[in-house]
Structures are given as structure tokens and as C-alpha cells.
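Me: I would like a close look at one part of this structure. Please start there and then work outwards to whatever surrounds that part.

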Amino acid sequence: MKFTTLLTTALTALPILADSSFPWERLNKNDSLLIIVDLQEGLYNIARDYDPTLFKQNMLAHSALGLAFPTLPVILTTSASTGPNGPLPQEILDMYPTAPVIARQGEVNAWDSPEFRAAVKATGKKQIILAGIVTDVCTAFLARSLRAEGYSVWANQEASGTVTKEIRDLANDQMMRAGVNVVSLFSIVCDLMRDWRSSPGAKEILPWLDTYMPVYGMLARGHRAAVENGTLIPGEADLPL
Ligand SMILES: *[C@@H]1O[C@H](CO)[C@@H](O)[C@H](O)[C@H]1NC(C)=O
Ligand SMILES: *[C@@H]1O[C@H](CO)[C@@H](O)[C@H](O)[C@H]1NC(C)=O
């Protein structure tokens with residue numbers, strides 16, 4: 001092989017090598033644990049990289065993943081919740097009246113809490129889905145500690161908030177370099193569901209999407225309206241297929 005060909009081949013292979021150091025892994029709803037990390041009322045105020053109305057919706061959507069997929073055990077945790085960080089919103093607590101709520105008195109990284117570690121280990125799950133405020137501390141510290149302990153981690157980007165977009169990008173880069181899957185809410189839902197014909201599948205997930213991801217809920221409502229009672233307006237019939 002000519003040197004230039006060799007060089008081109010090597011350079012082309014480089015990104016592939018970097019990618020394959022963390023092989024693609026699919027979420028399995030039977031092996032996943034949902035963690036709600038410090039989505040506290042005080043901390044909510046320092047999540048400024050999303051519109052605050054959207055971000056509250058994203059916090060609830062992340063928390064409600066365990067309602068959509070009942071095979072997922074759920075652990076809630078808070079950081080110094082009697083101080084400025086504040087409590088978890090009642091809407092989130094009400095979703096899981098019997099789930100463990102690990103109130104950390106001081107540990108910033110949830111993994112430093114023996115009680116939290118014991119709760120995670122007790123589930124026996126190896127795939128961890130999490131989101132937290134703030135992205136660069138609560139989410140990134142725990143996500144990387146879990147990676148170091150051999151867990152597979154999916155960080156829900158949309159329900160992790162921090163002070164600026166620049167800080168978020170930095171935190172996401174750090175997590176990705178540690179092999180954390182930094183992903184969207186919809187990617188988690190579809191990865192867990194896998195097939196619209198599954199259970200949970202379209203029947204269970206559509207109402208959930210209608211509440212927590214209205215862009216899909218409205219799409220389905222519009223489609224239903226068109227199928228049940230739709231007529232074409234002038235011009236529509238002539239559009240290309
Ligand atoms: C989860 O477990 C159920 C019941 O054992 C099984 O039917 C299903 O195929 C499993 N799902 C996955 C993704 O492995
Ligand atoms: C169907 O559409 C007509 C107008 O085109 C409307 O008057 C009627 O209420 C609709 N029916 C339903 C069930 O949505």
C-alpha cells in the first residue's frame with residue numbers, strides 16, 4: 001500500500017477508533033434505573049440555559065419516565081434541601097410515593113453518599129438514566145462516578161440545567177469523553193420502547209407524550225382529527241405526494 005493511501009486510511013479510521021472505545025449500547029427497560037438528581041425548587045432558579053417554563057416541563061417529563069415504563073425502579077435524591085437548594089417539587093414527589101428519596105445532608109456528588117450508593121446497588125440495575133440541576137455538577141459528577149464504577153449512563157440533556165449554554169457544552173463534552181450517553185428525552189423514550197407495538201408501546205406512550213412531549217401529542221391529535229373528520233382544503237389535493 002502506498003504511504004499516502006496508508007495515511008488516508010489511518011486518518012479516516014481515527015474517528016471510528018475514538019467512537020468504538022465506547023461501544024453503542026441500547027437501553028433495556030428491564031435493566032434500567034431512573035434517577036432524579038437534585039431537581040429542587042431552589043436550584044431550578046440557577047438553570048438558565050433553557051427557558052424556565054420549558055425547563056419545568058422538562059423536569060416533570062424526566063421524572064415521569066418511570067410512569068411510562070413501570071419496569072424502571074426510581075430513586076430520588078436531594079442536596080441540602082433545607083437550605084437554599086430547596087425541596088423537590090410536590091408534583092415530582094407525588095409521582096412516586098413509595099420510591100426512596102435520599103436526602104443528602106452535605107455530599108455534592110450523590111455517589112459520595114453511602115445511603116445513595118446502597119439504594120442504587122440494591123436495584124441491581126446496570127443502566128442508569130439520570131438528569132439533574134446543575135448539569136456541570138449534579139449531573140456530570142454523578143454520571144462520571146457511575147461510569148468509573150462500571151455502570152452505563154444516559155444523561156437526559158433536556159432535564160439538566162445550568163447557568164449558561166457554554167457551561168452546559170463543557171459539561172456535556174466531559175461526560176461524553178467518559179462514555180456517558182448525553183441524550184434527549186425522546187431518544188430515551190424510543191430506546192426504552194423500541195417498537196410501537198410493544199407494551200408499553202403506542203397505546204401507553206401516546207397519552208404520556210401528549211402530556212410530557214406535546215409536540216408529538218399534538219401531531220397525533222391532528223392526525224386523529226384528519227382521519228376521523230378531515231377534508232382537504234383547496235390546493236391541498238394538488239400538492240405532491
Ligand atoms: C423484558 O422482560 C419481558 C418479560 O420477561 C420480556 O418479554 C421482554 O422481551 C424484555 N425486554 C427486553 C427489551 O429485553
Ligand atoms: C367535523 O367537522 C365539521 C366541520 O367540517 C364540524 O362541524 C363537526 O363538529 C366535526 N365533527 C367532529 C366529530 O369533530
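Reply: In this predicted model, the buried residues of helix H6 pack against strands E1, E2 and E3. H6 covers residues 114-123, and the buried residues in question are Phe-116, Ala-119 and Val-120. Looking down the axis of H6, these buried residues lie within an arc of 95°, so they line one face of the helix. The general reason is that an α-helix has 3.6 residues a turn, so residues three or four places apart point the same way. On the face of H6 turned away from the buried side sit exposed residues: Pro-114, Ala-118, Lys-121 and Ala-122. Just after H6 comes Gly-124, with a positive phi of about 70°.

The strands that H6 packs against, E1, E2 and E3, belong to an open sheet. That sheet has six strands in the order E3-E2-E1-E4-E5-E6, paired in parallel. E3 (101-104) and E6 (181-183) are its edges; each has a single partner strand, so one side of each is left without a neighbour in the sheet. On average, neighbouring strands of the sheet are turned by 20° against each other, direction ignored.

In the strand order, E1 stands between E2 and E4. Four bridges join E1 to E2 (residues 74-79), and these two strands run parallel. The pairing of E1 with E4 is also in the parallel sense and has six bridges. Ile-36 shows both pairings: Ile-36 stands opposite Leu-76 in E2, and Ile-36 stands opposite Ala-131 in E4.

How many residues of E1 are buried? Six of its six residues are, so far as the count goes. They are found on both faces of the strand, with Ser-32, Leu-34 and Ile-36 on one side and Leu-33, Ile-35 and Val-37 on the other.

Further along the sheet, E5 (residues 152-156) pairs with E6 in the parallel sense over three bridges. Within that pair, Asn-156 stands opposite Val-183 in E6. Helix H9 (residues 185-193) packs on the sheet and touches E1 (32-37), E4 (127-132), E5 and E6. The direction of H9 makes about 135° with that of E5.

Leu-27, in the loop between helix H1 (3-20) and E1, belongs to this part of the picture. Is Leu-27 buried or exposed? Leu-27 counts as buried, because 23 C-beta neighbours lie inside 10 Å. Leaving aside neighbours within four places in sequence, Leu-27 is in contact with Ser-32, Gln-127, Trp-154, Ile-188, Asp-191 and Leu-192. One of these, Leu-192, is 165 residues away from Leu-27 in sequence, yet the two C-alpha atoms are 5.7 Å apart.

Contacts across the sequence also show up in the total. Residues 24 or more positions apart account for 78% of the protein's contacts with a separation of 6 or more.

H9 leads on to another helix. In H10 (residues 202-212), the residues Ile-205, Leu-209 and Tyr-212 are buried. These buried residues cover an arc of only 80° around the axis, which puts them on the same side of H10. They pack against H9, and also against helix H3 (52-63), helix H4 (65-68) and helix H11 (214-229).

H3 also holds Leu-54, which counts as exposed because Leu-54 has 11 C-beta neighbours inside 10 Å. The C-alpha atoms of Leu-54 and Glu-25 are separated by 29 Å, the two residues being 29 apart along the chain.

One helix pair remains. The axes of H7 (residues 135-148) and H8 (residues 165-177) come within 10 Å and cross at roughly 0°. That angle makes H7 roughly parallel to H8. Where they meet, H7 brings Thr-135, Asp-136, Ala-140, Ala-143 and Arg-144, while H8 brings Ile-167, Arg-168, Leu-170, Ala-171, Gln-174 and Met-175. By type, the residues of this contact divide into six nonpolar, two polar and three charged.

As for the whole, the protein has 11 helices and six strands. Its C-alpha trace spans about 65 × 65 × 35 Å along the principal axes. Of its 241 residues, 34% count as buried.

Note on methods
Residues numbered from 1 in each chain as written. Chains lettered and ligands numbered in written order. Predicted model: local features only at pLDDT ≥ 70, side-chain atom pairs only at ≥ 80, totals over all residues. Pairing = 2+ DSSP bridges. Axes fitted to C-alpha atoms, helices over the stretch in contact; angles between N-to-C directions. Contact = placed C-beta atoms within 7 Å. Parallel < 35°, antiparallel > 145°, perpendicular 65-115°, else oblique. Nonpolar A, V, L, I, M, F, W, Y, C, P; charged D, E, K, R; others polar. Buried ≥ 20, exposed ≤ 12 C-beta atoms within 10 Å, placed from the backbone. Arc of directions from axis to C-beta.
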